[in-house]
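Me: Could you walk me through reading a few features of a model, one at a time? I would like the general idea and then the case at hand.

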Amino acid sequence: MAYIFFASIAFLGSAFINTLNLNWALISDAVEYSEWKTTIRSEGLVYSAYTFFRKISTAIAGFIPGVVLTLVGYVPNVQQTEEAINGIRGLIFLYPGALSILTIVVMYLGSPIWNTQYKKIITELTPASDMLRLMPPRQRNSP
């Protein structure tokens, strides 16, 4: 029963994260939050950092299953032991489910941007953005 519960949570998390819709929404929020905190709009830095860490996470995601399979005693092309089968089940269901729950908790507790905060940020940024667009390019970056 626990496998079904964790598999459902893992697939729910995958539906949000792997389609990249949630990631890109969070990135644009991060750009606006950064501009609100620092008064500097740095989309290029935020997007390139996201791409860099996405590539690192892809490499780690390819490495970790191999390590876990080695640790649980997986041997290819033979009848697997009960320990290896349980390790594979954990790799497929338990670890993604547990990490999805951890992600939900971290996002809930650690995100500085909530709906009311986001509305405040956008309200404060809109006049500044409008004024910035009207300035000549030479004056935009001067203190």
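**Reading the helices and loops**

Reply: Happy to, and let us begin with a bend: helix 4 turns by about 45 degrees at Gly90. Keep in mind throughout that this is a predicted model.

Me: How does the span of helix 4 compare with what 1.5 Å a residue would give?

Reply: The 29 residues of helix 4 should span 42 Å at that rise, and the end C-alpha atoms are 39 Å apart, which agrees.

Me: Which residues of helix 4 are buried?

Reply: A general idea helps here. An α-helix has 3.6 residues a turn, so residues three or four places apart point the same way. In helix 4, the buried residues are Ala84, Gly87, Gly90, Gly97 and Ser100. Gly90, on that list, is also where the bend sits.

Me: Let us move to Val72. Where is Val72 placed, and is Val72 buried or exposed?

Reply: Val72 belongs to the loop that links helix 3 (43-71) to helix 4 (82-110). Its relative accessible area is 14%, and since buried means under 20%, Val72 counts as buried.

Me: Which residues does Val72 touch, leaving out those up to four places away in sequence?

Reply: The contacts of Val72 are Glu83, Ala84 and Gly87. Two of these, Ala84 and Gly87, are among the buried residues of helix 4. As for Leu91, 19 residues from Val72 along the chain, the two C-alpha atoms are 9.9 Å apart.

Me: Now to charges. How many salt bridges does a search of the whole structure find?

Reply: First the principle: side chains of opposite charge can pair when their charged atoms come close. Here the search finds 2 salt bridges. One joins Arg41 to Glu35, with the closest N and O atoms 2.6 Å apart. In another, Arg41 meets Glu43 at 2.7 Å, N to O. Through shared partners, Glu35, Arg41 and Glu43 form one network.

Me: How accessible are Arg41, Glu35 and Glu43?

Reply: Arg41 is partly exposed, with a relative accessible area of 41%. Glu43 is partly exposed too, at 32%, whereas Glu35 is buried at 10%.

Me: What about nonpolar side chains: which residues form a patch on the surface?

Reply: The patch is made of Phe52, Phe53, Ile56, Ile60, Phe63, Ile64, Val67 and Leu71, with about 800 Å² of accessible area together. Take Ile64 as an example: this residue lies in helix 3 and counts as partly exposed because its relative accessibility is 43%, between the 20% and 50% cut-offs.

Me: My last topic is the backbone. What is the phi of Thr39, and what is the phi of Asn77?

Reply: Most residues other than glycine have a negative phi, and most peptide bonds are trans. Thr39 has a positive phi, near 65 degrees, and is not a glycine. Asn77 is not a glycine either, and its phi is positive at about 65 degrees.

Me: Where do Thr39 and Asn77 lie, and are Thr39 and Asn77 buried or exposed?

Reply: Thr39 is in the loop between helix 2 (21-38) and helix 3, and is exposed with a relative accessible area of 67%. Asn77 is in the loop between helix 3 and helix 4, and counts as exposed at 80% relative accessibility. That loop is also the place of Val72, which is buried.

How values were computed
Residues are numbered from 1 along each chain as its sequence is written. This is a predicted model: local features need pLDDT of at least 70, side-chain atom pairs count only at pLDDT 80 or more; totals for chains, interfaces and linings use all residues. Side-chain values use heavy atoms; hydrogens and water are left out. Helices (H or I, at least four residues) and strands (E, at least two) are DSSP runs, numbered from the N terminus. Buried means under 20% relative accessible area, exposed over 50%, partly exposed in between (1.4 Å probe, protein chains only). Contact means heavy atoms within 4.5 Å. Patches are made of residues with over 30% relative accessible area and no salt bridge: like charges are joined within 9 Å, nonpolar side chains (Val, Leu, Ile, Met, Phe, Trp, Tyr) within 5 Å. Accessible areas come from the Shrake-Rupley method with a 1.4 Å probe; for residues, only the protein chains shown count as cover. A salt bridge is a side-chain nitrogen of Lys or Arg within 4 Å of a carboxyl oxygen of Asp or Glu. The expected span of a helix is 1.5 Å times one less than its number of residues. The bend at a residue is the angle between axes fitted to the seven residues ending there and the seven starting there.
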